Structure formats: C-alpha cells, structure tokens
Amino acid sequence: MMIQEFTARTNITPSSEEYHYIEQSYYDFDGNKDEFCKQWLKDIENGKWTLELRLRNALDKQKAEYEEQLKEQEEYLIFYRKQFEKYRKAQEKLDKLNKRIIAMAKIMEE
C-alpha cells in the first residue's frame, strides 16, 4: 500500500518514518488494505499503535546497535587473524630451526 492510499483511507498523513512502520505492520496483517486501515484507526484510539510504534522503534535501534557491535568484532577478528598468521609462520620457522639444531646436535655426538 502506498502512503497516498493510506492517507486517503485514514485521513492521516504520517511522517515517512512512521509510514515505514505502518507499512511493516500492513505486510504482517492478514487482510486487505481497507481492513488494515480500519484496524489501524482502532489501534490508534486504544493506544495499541503507539505501543507498537515504540516497540518497533526500539527494536530497530537495538538492531542497529548490535550490527555496529558485530562490525567492531569483525574488525577485531580481521586484525587478530593477521596477527595469528604472523605468529603461526614464525612458530613454523622456529620449529624448523629447532629440528635442524637437534639434527646438528646428533651429528656432533657421533
């Protein structure tokens, strides 16, 4: 449903942010446009829409915060993965050197 259709059916012009949530509710609604708008007007009157709007807003905010935290963790992972690879390569070189030292020590014992 377009915002113009919603406005024509309800005589209410929501902000673009609020319409975003109205549209989400519409897609979740099991009925046609007229039924949705009629129910939405009832929900406005009894306060259900205000509660739903606050809830959807809070969930979107929390989602954005979690996505930011995830991005930071991914950046740490990339940094530490590089450090781990450097450490692993150095450890492999050290292991090879230790094997050569042990081999040389055996030769010198003979």
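## A walk through a four-helix chain

Let's begin with how much of this protein is tucked away: buried residues make up 14% of its 110 residues. Keep in mind that what you're looking at is a predicted model.

Now for the overall build. The protein has four helices and zero strands, so reading along the sequence gives the pattern α-α-α-α, each helix being a DSSP run numbered from the N terminus. As for proportions, the C-alpha atoms fill a box of roughly 100 × 20 × 20 Å along the principal axes. The radius of gyration tells a similar story: the protein has 31 Å, while a compact globule of 110 residues would have a value near 13 Å.

What about the surface? The protein exposes about 9300 Å², and carbon and sulfur atoms supply 56% of that area. On the charged side, there are 20 positive and 23 negative side chains. The centres of these two sets lie 9 Å apart.

Next, have a look at the inside. In soluble globular proteins, nonpolar side chains tend to be buried together. Here, the largest nonpolar core has 10 residues: Met-1, Phe-6, Tyr-19, Tyr-21, Ile-22, Tyr-26, Phe-36, Cys-37, Trp-40 and Trp-49. Helices α2 (16-28) and α3 (33-46) each supply at least two residues of this core. It's α2 that gives the most, with four residues.

Which residues does Phe-6, a member of that core, touch? Leaving aside residues up to four places away in sequence, Phe-6 touches Met-1, Asn-11, Ile-12, Pro-14, Tyr-19, Ile-22, Phe-36, Cys-37 and Trp-40. Several of these partners are core members too, including Tyr-19, Ile-22 and Trp-40.

One of those partners, Asn-11, deserves a stop of its own. You'll find Asn-11 in the loop between α1 (3-10) and α2. Its phi is near 60 degrees, which is a positive value in a residue other than glycine. Is Asn-11 buried or exposed? Asn-11 counts as exposed because its relative accessible area is 71%, and the cut-off for exposed is over 50%.

From there, let's move on to helix α4, which covers residues 48-109 and holds Lys-89. How far is Lys-89 from Phe-6? The two are 83 residues apart in sequence and 63 Å apart in space, going from C-alpha to C-alpha. Lys-89 has 48% relative accessibility, so it counts as partly exposed.

Arg-100 sits in helix α4 as well. With a relative accessible area of 59%, Arg-100 is exposed. Try tracing the way from Arg-100 to Leu-55: these residues are 45 apart along the chain, and their C-alpha atoms are separated by 66 Å.

Finally, a word on contacts across the whole protein. Among contacts between residues at least 6 apart in sequence, 57% join residues at least 24 apart.

Technical notes:
Residues are numbered from 1 along each chain as its sequence is written. This is a predicted model: local features need pLDDT of at least 70, side-chain atom pairs count only at pLDDT 80 or more; totals for chains, interfaces and linings use all residues. Side-chain values use heavy atoms; hydrogens and water are left out. The radius of gyration is taken over C-alpha atoms; the globule rule is 2.2 Å times the number of residues to the power 0.38. Buried means under 20% relative accessible area, exposed over 50%, partly exposed in between (1.4 Å probe, protein chains only). Contact means heavy atoms within 4.5 Å. Accessible areas come from the Shrake-Rupley method with a 1.4 Å probe; for residues, only the protein chains shown count as cover. Lys and Arg count as positive and Asp and Glu as negative; His and the chain ends are not counted. The place of a charge is taken as NZ of Lys, CZ of Arg, CG of Asp or CD of Glu. A nonpolar core is a set of buried Ala, Val, Leu, Ile, Met, Phe, Trp, Tyr and Cys residues joined through side-chain atoms within 4.5 Å.
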